[in-house]
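Work through the exercises below with the sequence and the structure side by side. Try each task before reading its solution.

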Amino acid sequence: MILIKPKLSTYFSLGILVIILLAGLVFILRDFAYVGSFGIWFYLIAAPLLTLVILMILIKLLAGYRFIAAGKDQIVVKLPIRGYEKTYPVNQILAWEEETILANKKEFKQLTIAFSDKQSISISNHEHESYNQLVKYLLKKAAKQQVKKKKA
């Protein structure tokens, strides 16, 4: 049985970033309320901007928090934040694709699996453990459903 779970290091570093941004937002709002060292335009731009960035990171963290188990000719998808759990037999995989992107001399891979009930999941090698083992499992059990890359 292969268990794909979020990498703690990724969630830890993004959590630290959220804490730093929250501290900056609190500092800016406190400064506005008590001191007012900057012009009003600074506070009107900085506070909503920091709030928006914090919300985007939190949504990214919560939406990407999933556990996937593969083995015994089935894939189990668990989304604890939504309270969702579903078991898919391998024959319910409509298609799966692995995308590779080179950025800053690093290779980022993302795997997308589409199921027959019109649900899909995406995982990446930088955010989830056991990524390569899941790709090997899919190559072994669902090779016909792999979307082939077209050559230009």
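The exercises go from the two sheets to a pair of helices and an aromatic pair.

This is a predicted model, in which local features need pLDDT of at least 70 and side-chain atom pairs count only at pLDDT 80 or more, while totals for chains, interfaces and linings use all residues. Residues are numbered from 1 along each chain as its sequence is written, and side-chain values use heavy atoms, with hydrogens and water left out.

**Exercise 1.** Give the strand order of the four-stranded sheet and name its edge strands.

Solution. Begin with the terms. Helices (H or I, at least four residues) and strands (E, at least two) are DSSP runs, numbered from the N terminus. Two strands pair if DSSP finds at least two bridges between them. With these rules, the order is E1-E2-E3-E4 in an open sheet, and the pairing is antiparallel. The edges are E1 (2-4) and E4 (84-89), each of which pairs on one side only. From one strand to the next, the twist averages 15°.

**Exercise 2.** Describe how E3 is joined to E4.

Solution. Strand E3 covers residues 74-79, runs antiparallel to E4 and is joined to E4 by six bridges. One bridge to look up is that of Gln74, whose partner in E4 is Pro89. Next, follow the chain through the turn: E3 and E4 form a hairpin with four residues between them, and Gly83 in this turn has a positive phi of about 70°.

**Exercise 3.** Which strands stand at the edges of the three-stranded sheet?

Solution. First write down the order, which is E5-E6-E7 in an open sheet with antiparallel pairing. Strand E5 (93-103) and E7 each have a single partner strand, so one side of each is left without a neighbour in the sheet. The twist here averages 15° from one strand to the next. Then take the helix: H3 packs on this sheet and touches E5, E6 and E7, and its direction makes about 45° with that of E6. Contact means heavy atoms within 4.5 Å. Axes are lines fitted to C-alpha atoms, for helices over the stretch in contact, and angles run from 0 to 180 degrees between N-to-C directions.

**Exercise 4.** Trace the bridges and turns that link E5, E6 and E7.

Solution. Start with E5 and E6, which run antiparallel and are joined by 10 bridges. Two partners in E6 can be checked: Gln110 for Glu99, and Glu107 for Leu102. The hairpin of E5 and E6 has two residues between the strands, and Asn104 takes a positive phi near 50°. Go on to E6 (residues 106-115) and E7 (residues 120-124), which are antiparallel and joined by five bridges. Thr112 of E6 stands opposite Ser122 in E7. The hairpin of E6 and E7 has four residues between the strands, and Lys118 in its turn has a positive phi of about 70°.

**Exercise 5.** Classify the packing of H1 and H2.

Solution. Two packed helices are described by the angle between their axes and the distance between the axes. Helix H1 (residues 8-34) and helix H2 (residues 40-63) pack at about 160°, with their axes 10 Å apart. That angle makes H1 roughly antiparallel to H2. The cut-offs are under 35 degrees for roughly parallel, over 145 for roughly antiparallel, 65 to 115 for roughly perpendicular, and oblique for the rest.

**Exercise 6.** What type of aromatic pair do Phe32 and Tyr43 form?

Solution. Rings of Phe, Tyr and Trp (its six-membered ring) pair if their centres lie within 6.5 Å; planes under 30 degrees apart count as stacked, over 60 as edge-to-face and the rest as tilted. The whole structure has eight aromatic pairs. For Phe32 and Tyr43, the centres are 4.9 Å apart and the planes make 55°, so the pair is tilted. Phe32 lies in H1 and Tyr43 in H2, 11 residues apart.
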